[in-house]
Amino acid sequence: MSGQFRADGSLRHLLTLEDLPRPLIERLLERAERFVRPLGARPPASRVLEGCTVANLFTEPSTRTRVSFELAAKRLGADVVNLEVQLSSRVKGESMLDTVYTLQSLHVDAMVIRDAEIGVPATVAAHVADHVSILSAGEAHVDHPTQGLLDALTVRQHKSRFDTLSIAIIGDLRHSRVARSAWHVFRALGVSDLRIVAPPALMPPAGEFEGCSRHTRLESGLPQADVVMMLRIQKERMAQVELPDADRYYASYGLTPERLALARPDAIVMHPQPMNRGVEIASAVADGPRSVIRDQVRNGVAVRMAVLAEVLAWRSAA
Ligand code: NCD
């Protein structure tokens with residue numbers, strides 16, 4: 001149990017999608033959908049979180065996730081503080097928990113945490129005062145729950161049902177928190193055909209990704225897929241693995257227009273970004289008609305609004 005829920009069953013923290021019941025996932029996706037607007041339209045604005053404060057505490061680089069959490073909080077009327085942790089007192093030896101206690105004393109209601117170490121969001125969640133919520137914005141290689149939700153929302157916008165879908169997740173599965181959260185959410189939503197495709201060195205250990213079929217060749221994992229989810233080669237987490245040479249990787253695993261033709265004609269292509277163009281994906285695919293990569297970014301704000309509104313609902317009602 002991840003300890004994400006309050007005694008009354010409501011969601012307090014979002015650390016993982018692993019034990020989220022399907023009805024809650026569906027409710028969050030529905031709520032998020034109501035925050036989605038077409039490009040060029042005025043974004044949704046609400047005051048439900050007026051008087052609340054959200055802190056972004058990121059110790060790993062982030063563009064989309066941090067900015068979208070910030071915009072999500074502001075579009076609900078909350079105040080936001082961003083901690084540039086490299087500049088803060090963590091480098092002077094102050095522990096993460098001391099930083100967290102400082103934020104708590106400053107009346108921060110929700111902390112959004114990204115960290116390269118396993119267990120940091122859960123440790124913080126176990127120590128904060130009862131009224132504070134912790135949202136993971138990416139934990140090591142293990143979880144990235146709001147990314148999983150925005151991926152599910154993106155699929156839902158393009159495909160009418162989940163249970164009949166074939167979804168292929170392709171690339172550096174071993175190091176990917178995005179893939180682990182996608183696996184949790186798609187499994188919870190009843191996707192019957194989930195495939196993982198990776199070179200042997202980037203395949204996750206046996207026992208992980210239960211229920212997924214494993215493929216070491218694109219030509220075996222891609223045929224007739226409805227959803228093709230590409231992952232970034234995570235050079236920064238490659239310490240123990242022989243890094244495949246970029247050209248060789250592209251030759252065998254890069255998603256080119258020719259390879260995409262193996263998937264269904266109406267397949268959608270996803271990527272969490274940042275992309276290594278010409279390594280895991282060709283620009284012609286990333287920018288092509290089947291790509292929903294920019295929709296994923298737009299959906300990220302909507303999903304984070306839904307999650308913030310959910311965990312802080314007690315606050316807005318008070
Ligand atoms: C991902 C991350 O940091 O986990 N990016 C993101 O949040 N959209 C994926 C990645 O870094 O490859």
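In this predicted model, the shell of residues around the ligand is drawn from both parts of the protein chain, with at least three residues contributed by each of domain 1 (2-144 + 297-317) and domain 2 (145-292). These bounds follow the domain assignment, in which domain 1 is made up of the segments 2-144 and 297-317, whereas domain 2 covers 145-292. The C-alpha centres of domain 1 and domain 2 are separated by 26 Å, and the two domains touch through 35 residues of domain 1 and 27 residues of domain 2.

The ligand itself occupies the largest pocket, where it is surrounded by Thr65, Arg114, His144, Gln147, Arg177, Val178, Arg232, Gln234, Pro272, Gln273 and Pro274. Sorted by class, this shell comprises three nonpolar, five polar and three charged residues.

Polar contacts to the ligand involve both side-chain and backbone atoms of the protein. On the side-chain part, an N or O atom of histidine 144 is placed 2.7 Å from an oxygen atom of the ligand, while a polar side-chain atom of glutamine 147 is found 3.2 Å from a ligand nitrogen atom. Glutamine 273 takes part through its backbone, one N or O atom of which lies 2.9 Å from a nitrogen atom of the ligand. Considered alone, the ligand exposes 320 Å², and 93% of that area is buried by the protein.

Conventions:
Residues numbered from 1 in each chain as written. Predicted model: local features only at pLDDT ≥ 70, side-chain atom pairs only at ≥ 80, totals over all residues. Heavy atoms only, no water. Near = heavy atom within 4 Å. Polar contact = N/O pair within 3.5 Å; in protein donor to acceptor, adjacent residues only side chain to side chain. Areas by Shrake-Rupley, 256 points an atom, 1.4 Å probe, with all protein chains shown as cover. 1 Å grid on protein atoms, 1.4 Å probe; cavity = no way out; pocket = protein on both sides within 12 Å on 5 of 7 lines; lining within 4 Å. Sits in = over half its atoms within 2 Å of the grid points. Nonpolar A, V, L, I, M, F, W, Y, C, P; charged D, E, K, R; others polar. Domains from an automatic or database assignment. Contact = heavy atoms within 4.5 Å.
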